[in-house]
Amino acid sequence: MSERIAEVVRLINRSSGEMPGAAVVRARRLTDTLQEIIDTAAIRPLDIYAVMSVRNTLNDYLPTTLQRYLAVPESARHVARTSGTTPVESLVEQLEALQVSASSVLVASQHQDVDSLMTQGAFLATKFSGSDLDL
């Protein structure tokens, strides 16, 4: 998945001149968060929810969001649609929604690590302080 992140980063970098700076920053922040999630796998395997979330974001949600924005003619990017939102605003909102989701997955992955550490600590305390069955 790290290789796929590098591909998406290259897409963002290639397109940075056509996107507002805030969107570029948010997109790169998102790829950084996704990499952090992947990096937690060095400690313990990612659960299926985390794997699917990262894969879907990298293979579909993020590239599709960027490509659809880039397909909008530049002259229409700052024109409000019937929803009252411009394509630029919509892009930033979508990137923020993806970030919120990725951040939640990262926190969940980190909590798994904390829970695992606490379980190991309880095991060791029991193991080396005597049996719970000792009378």
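Modeller: A polar contact is a pair of N or O atoms within 3.5 Å; within protein, one atom must be able to donate a hydrogen and the other to accept it. The model discussed here is a predicted one.

Biologist: How far does the backbone oxygen of Ser-53 lie from a polar atom of the side chain of Thr-57?
Modeller: Thr-57 belongs to helix α3. The limit for a polar contact is 3.5 Å. The backbone oxygen of Ser-53 and a polar atom of the Thr-57 side chain meet that limit, at a distance of 2.8 Å.

Biologist: Is Thr-57 buried or exposed?
Modeller: A residue counts as buried under 20% relative accessible area. Thr-57 has a relative accessibility of 5%, so this residue is buried.

Biologist: Which residues does Thr-57 contact, leaving aside its neighbours within four places in sequence?
Modeller: Thr-57 is a residue of α3. With neighbours within four places in sequence left aside, its contacts are Leu-30, Leu-34, Leu-62 and Pro-63.

Biologist: On which residue is the kink in α3 centred?
Modeller: The end C-alpha atoms of α3 are 33 Å apart, which agrees with the 34 Å that its 24 residues should span at 1.5 Å a residue. The helix nevertheless has a kink of about 50°, and the centre of this kink is Thr-57.

Biologist: At the start of α3, which residue has a side-chain oxygen that reaches the backbone nitrogen of Tyr-49?
Modeller: The backbone nitrogen of Tyr-49 is approached to within 3.2 Å at the start of α3. The side-chain oxygen concerned belongs to Asp-47.

Biologist: What pattern does the protein chain follow along the sequence?
Modeller: The chain has four helices and zero strands. Read along the sequence, the pattern is therefore written with helices alone. That pattern is α-α-α-α.

Biologist: Which residues touch the most other members of the largest nonpolar core?
Modeller: This core holds 30 residues. At least two of them come from each of α1 (2–15), α2 (21–39), α3 (48–71) and α4 (87–128). The members that touch the most others are Ile-12, Met-19, Leu-34, Ile-37, Leu-62 and Leu-66.

Biologist: How far apart are the end C-alpha atoms of α2?
Modeller: Buried residues of α2 include Leu-30, Leu-34 and Ile-37. At 1.5 Å a residue, the 19 residues of this helix should span 27 Å. The end C-alpha atoms agree with that span, at 27 Å.

Biologist: Which residues does Ile-37 contact, leaving aside its neighbours within four places in sequence?
Modeller: Ile-37 is among the buried residues of α2. Leaving aside neighbours within four places in sequence, its contacts are Leu-46, Ala-50, Val-54, Ala-102, Val-105, Leu-106 and Ser-109.

Biologist: What separates Val-105 and Ala-50 in space, C-alpha to C-alpha?
Modeller: Val-105 lies in α4 and is buried, with a relative accessible area of 1%. Beyond four places in sequence, Val-105 touches Ile-37, Tyr-49, Ala-50 and Ser-53. Although Val-105 and Ala-50 are 55 residues apart in sequence, their C-alpha separation is 6.0 Å.

Biologist: Is Ala-108 buried or partly exposed?
Modeller: Ala-108 is also placed in α4, and its C-alpha atom is 8.5 Å from that of Ala-50. Partly exposed residues fall between 20% and 50% relative accessible area. With a value of 39%, Ala-108 is therefore partly exposed.

Biologist: What distance separates the C-alpha atoms of Ala-41 and Ser-109?
Modeller: Ala-41 is in the loop between α2 and α3 and counts as partly exposed at 36% relative accessibility. Along the chain, Ala-41 and Ser-109 are 68 residues apart. Their C-alpha atoms are separated by 8.9 Å.

Biologist: Among contacts between residues at least 6 apart in sequence, what share joins residues at least 24 apart?
Modeller: One contact across such an interval is that of Ile-37 with Ser-109. For the protein chain, the share is 70%.

Conventions. Residues numbered from 1 in each chain as written. Predicted model: local features only at pLDDT ≥ 70, side-chain atom pairs only at ≥ 80, totals over all residues. Heavy atoms only, no water. Helix = DSSP H or I, 4+ residues; strand = E, 2+ residues; numbered from the N terminus. Contact = heavy atoms within 4.5 Å. Core = buried A, V, L, I, M, F, W, Y, C linked by side-chain atoms within 4.5 Å. Buried < 20%, exposed > 50% of the residue type's maximum accessible area, 1.4 Å probe, protein only. Expected span 1.5 Å × (residues − 1). Bend = angle between axes of the 7 residues up to and from the residue.
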